[in-house]
Amino acid sequence: MLRAAVRVSRLGGGPARLAAPFSAAASPIPAPNPRPDIACNKIFINNEWHDAVSKKTFPTINPATGEVICQVAEGDKADVDKAVKAAKAAFQLGSPWRRMDASHRGKLLNRLADLIERDRAYLAALETLDNGKPYSISYLVDLDMVVKCLRYFAGWSDKFHGKTIPLDGDFFCYTRHEPVGVCGQIIPWNFPLLMQAWKLGPALATGNVVVMKVAEQTPLSALYVANLIKEAGFPPGVVNIIPGYGPTAGAAISSHMEVDKVAFTGSTEVGHLIQKAAAESNLKRVTLELGGKSPNIIMSDADMDWAVDQAHFALFFNQGQCCCAGSRTYVQEDIYHEFVERSVEKAKSRVVGNPFDFKTEQGPQVDEEQFKKILGYISTGKREGAKLLCGGNPAADRGYFIQPTVFGDVQDNMTIAREEIFGPVMQILKFKTIEEVIERANDSKYGLAAAVFTKDLDKANYVSQGLRAGTVWINCYDVFGAQAPFGGYKASGNGRELGEYGLEAYVEVKNVTIKIPQKNS
């Protein structure tokens with residue numbers, strides 16, 4: 001999902017790219033510990049660790065081997081109720097958190113970023129163990145972006161504020177940006193630490209309290225961060241973190257009458273359920289970052305080397321497990337065959353294997369369910385007439401590895417061109433004209449991201465204005481920063497995360513008007 005150390009200096013592209021494969025000698029990355037000690041596997045409420053009320057646990061699995069890493073406390077409605085109670089107490093008028101200077105909230109967020117930097121190698125190893133992404137990516141990309149996100153929102157803590165308003169008459173009128181209150185946050189498994197930072201940063205910068213459910217597939221790194229939150233000095237009850245399942249813990253947050261807002265990143269199907277639960281309970285605020293089927297448009301005048309490289313990255317990064325993956329690659333007909341040939345060659349050379357090996361570019365899929373789902377989509381693609389050009393099979397005898405897969409001759413009505421696969425499966429489609437490709441690109445229920453590659457600035461601007469997507473990249477892909485907003489059109493969600501826009505969902509704007517004896521300009 002995220003591009004690291006990429007700088008594009010000209011419209012037609014450039015030599016910058018994510019350096020891979022990595023070597024321990026050539027990089028500053030510390031050697032990984034493939035068996036990190038598991039320090040945190042319970043429920044975090046009121047700055048304390050708890051067993052689940054039910055005493056239930058669930059296994060978290062190493063996707064590279066299929067083996068159980070450890071058992072984790074299984075939170076459900078009773079645990080959510082405990083966490084909400086703690087959060088409400090922390091948010092009471094006059095509490096240490098409510099009385100804290102905004103600048104000090106920023107100081108605490110910066111302390112948290114400091115602690116994450118201190119434990120960066122451990123967290124990267126934990127992320128790789130539980131999620132399967134290459135350790136080099138966890139360390140260089142995910143952890144780097146986590147720290148930058150927290151520091152960015154730390155800086156906003158005392159800068160996002162109200163205004164005075166020149167109301168007619170003898171009145172003094174002003175607005176306050178007040179925290180929404182108890183924020184339920186439900187994060188996904190594809191970028192566990194980063195999605196945690198995207199949610200915590202704006203919520204805490206604006207003075208809210210949090211009840212967070214972490215994904216059952218990848219709870220370990222987010223739970224370790226809970227320890228660092230306490231160490232950083234956040235008061236008890238400000239952040240509460242619950243591992244558990246969506247239909248129990250997630251549903252309890254979404255429908256809770258004392259949760260004031262819910263933020264969710266995940267599938268569109270679950271997004272529907274969350275929005276419905278929010279509406280049927282207390283009409284809590286909802287922000288959703290959901291699925292995508294993002295078009296990546298390659299014009300015939302594009303820099304071929306750069307376009308092939310970026311289209312490969314757009315699809316295969318993070319094992320294809322990105323909501324904004326460039327999963328519909330539209331290539332103009334006069335360069336189609338060359339582009340396909342070079343894309344297949346690049347996919348065949350991609351290194352799949354042990355995620356703790358510095359040579360590895362692609363690790364396993366996150367779990368057996370995703371593994372089987374992706375292989376099912378590959379079978380469907382073949383059955384519906386798409387041309388399998390490489391890959392299409394498991395890549396190892398154990399673990400959830402899938403070969404980098406490329407389909408050609410894909411048609412818009414095929415299942416693999418309509419539905420989100422969330423795996424290392426590239427679909428390449430042919431187009432003739434700009435008007436045609438804009439119409440086809442927009443013919444999707446999704447609208448999360450899109451890209452266009454061309455050396456013609458006029459074409460780039462025209463296409464970017466025509467695409468119905470929350471983010472459009474021109475001659476690049478997956479370029480993210482904490483400063484720039486991210487979110488979708490249509491069934492890809494509502495609201496924005498990151499940037500100044502990302503703060504808006506976490507504040508209520510209160511208007512205060514005071515009668516005064518006399519107003520003067």
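**View 1. Two tyrosines share a turn of helix α5.** At 1% relative accessibility, Tyr-135 counts as buried (buried means under 20% relative accessible area, exposed over 50% and partly exposed in between, using a 1.4 Å probe and protein chains only). Tyr-139 is buried too, at 13%. This is a predicted model, where local features need pLDDT of at least 70 and side-chain atom pairs count only at pLDDT 80 or more, while totals for chains, interfaces and linings use all residues. Residues are numbered from 1 along each chain as its sequence is written, and side-chain values use heavy atoms, with hydrogens and water left out. The two tyrosines sit four residues apart in α5 (residues 135-156), so about one helical turn separates them. Helices here are DSSP runs of H or I with at least four residues, strands are runs of E with at least two, and both are numbered from the N terminus.

**View 2. Trp-97 meets Phe-234.** How do you describe a pair of aromatic rings? You give the distance of the centres and the angle of the planes. Rings of Phe, Tyr and Trp (its six-membered ring) pair if their centres lie within 6.5 Å; planes under 30 degrees apart are stacked, over 60 edge-to-face, and the rest tilted. By this rule, the count comes to 19 aromatic pairs. Trp-97 and Phe-234 form a tilted one, with 5.9 Å from centre to centre and 50 degrees between the planes. This pair links distant parts of the chain: Trp-97 belongs to helix α2 (residues 96-99), while Phe-234 is in the loop between α7 (220-232) and β9 (239-243), 137 residues apart. Trp-97 is buried, with a relative accessible area of 1%, and Phe-234 is buried at 2%.

**View 3. Lysines over tyrosine rings.** A charge sits over a ring if NZ of Lys or CZ of Arg is within 6 Å of the ring centre and within 35 degrees of the ring normal. Lys-261 has its charged end over the ring of Tyr-506, 4.8 Å from the centre. Lys-430 lies over the face of Tyr-336, 4.9 Å from the ring centre.

**View 4. Inside the largest nonpolar core.** A nonpolar core is a set of buried Ala, Val, Leu, Ile, Met, Phe, Trp, Tyr and Cys residues joined through side-chain atoms within 4.5 Å. Which of its 137 residues touch the most other members? They are Leu-112, Ile-116, Leu-204, Phe-234, Ile-241 and Phe-339. Helix α5 gives the largest share of this core, 13 residues. Apart from it lies another core, of 29 residues, including Tyr-330 and Phe-371.

**View 5. Gln-196 in helix α6 (residues 192-205).** Is Gln-196 buried or exposed? It counts as buried, at 2% relative accessibility. Leaving out residues up to four places away in sequence, Gln-196 touches Ile-187, Met-212, Ala-222, Val-225 and Ile-241, where contact means heavy atoms within 4.5 Å.

**View 6. Strand β13 (residues 328-332), largely enclosed by the rest of the structure.** Five of its five residues are buried. Arg-328, Tyr-330 and Gln-332 point one way from β13, and Thr-329 and Val-331 the other way. Strands pair if DSSP finds at least two bridges between them. Four bridges join β13 to β12 (residues 295-298), running parallel, and Asn-296 has Thr-329 as its bridge partner. Four bridges also join β13 to β16 (residues 425-431), again parallel, with Gln-332 opposite Phe-431.
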